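Welcome to a short set of exercises with worked solutions. Keep the viewer open and try each task before you read on.

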Amino acid sequence: RETVGTLGGAALGGLVGAQFGGGSGRAITTAVGIMGGALIGRGIGQELDRADRARHAQTFHNALEHNRSGSMQRWQNPNNRTQGYVVPQRTYQTSSGGYCREYQTSISVGGQTQNGYGTACRKPDGSWEIQG
């Protein structure tokens, strides 16, 4: 969870940082965004407890399996106010016949929110595997 949070935060921070500055200044703001995002994402990853990870995983599976594209499914832990959501996006079939879905997700821990975007594909056992 810590690694996922760090990498997700770094990616998002890099995207935000790239929107500012010009020339070599853009490279600097991108690098600062990557470092800042990685630190925030790592902190969020460290704070998710086992119950929160289980809630997120179950919501992720249910949303990808049952929700229409664009339909949000939320989860929250009333004990610590940790919460998140998953929104399945485009569904498509691969050349080998498998199904994949793009998704958007968000997790908020201790007032810090981390958003993510990606693709997950259904494995033969029915579970969903994040790609890349």
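**Exercise 1.** How many bridges join strand β2 to strand β3, and in which direction do the two strands run?

*Solution.* Two conventions help at the start. This is a predicted model, in which local features need pLDDT of at least 70, side-chain atom pairs count only at pLDDT 80 or more, and totals for chains, interfaces and linings use all residues. Residues are numbered from 1 along each chain as its sequence is written, and side-chain values use heavy atoms, with hydrogens and water left out.

Step 1: locate the strands, β2 at residues 83-93 and β3 at residues 99-109. Strands (E, at least two residues) and helices (H or I, at least four) are DSSP runs, numbered from the N terminus.

Step 2: count the bridges; there are 9, and the strands run antiparallel. Strands pair if DSSP finds at least two bridges between them.

Step 3: check the register. P88 is opposite Y103 in β3, and T91 is opposite R101.

Step 4: inspect the turn. The β2-β3 hairpin has 5 residues between its strands, and G97 there takes a positive phi near 95°.

**Exercise 2.** Follow β3 to its other partner, then place both pairings in the whole sheet.

*Solution.* Step 1: β3 is joined to β4 (residues 112-122) by 10 bridges, again in an antiparallel arrangement. V109 faces Q112 in β4.

Step 2: with 2 residues between the strands, the β3-β4 hairpin has G110 at a positive phi near 55°.

Step 3: assemble the sheet. Its 5 strands form an open sheet in the order β1-β2-β3-β4-β5, with antiparallel pairing. At the edges are β1 (73-76) and β5 (128-130), each of which pairs on one side only. On average, neighbouring strands are turned by 30° against each other, direction ignored; the axes are lines fitted to C-alpha atoms, and angles run from 0 to 180 degrees between N-to-C directions.

Step 4: add the helices. The chain has 3 helices and 5 strands, running α-α-α-β-β-β-β-β from the N terminus.

**Exercise 3.** Is W128 buried or exposed, and what surrounds this residue?

*Solution.* Step 1: W128 lies in strand β5. Its relative accessibility is 12%, so W128 counts as buried; buried means under 20% relative accessible area, exposed over 50%, and partly exposed in between (1.4 Å probe, protein chains only).

Step 2: list contacts, meaning heavy atoms within 4.5 Å. Beyond four places in sequence, the partners of W128 include F60, L64, Y99, C100 and A120. Y99 is 29 residues away along the chain, with a C-alpha separation of 9.6 Å from W128.

Step 3: look for polar partners. The side chains of W128 and E65 share a polar contact of 2.9 Å (a pair of N or O atoms within 3.5 Å; within protein, one must be able to donate a hydrogen and the other to accept it, and residues adjacent in sequence count only if both atoms are side-chain atoms).

Step 4: compare with the sheet and the chain. In β3, 8 of 11 residues are buried, while buried residues make up 33% of the 132 in the chain.

**Exercise 4.** Which element has the lowest mean pLDDT, and which the highest?

*Solution.* Step 1: pLDDT is the predictor's confidence in each residue, from 0 to 100. The chain averages 73, and 61% of the residues score at least 70.

Step 2: helix α1 (residues 2-17) has the lowest mean, 46, and β2 the highest, 93.

Step 3: examine the low stretches. pLDDT is below 50 over residues 1-8 and stays under 50 over residues 10-22.
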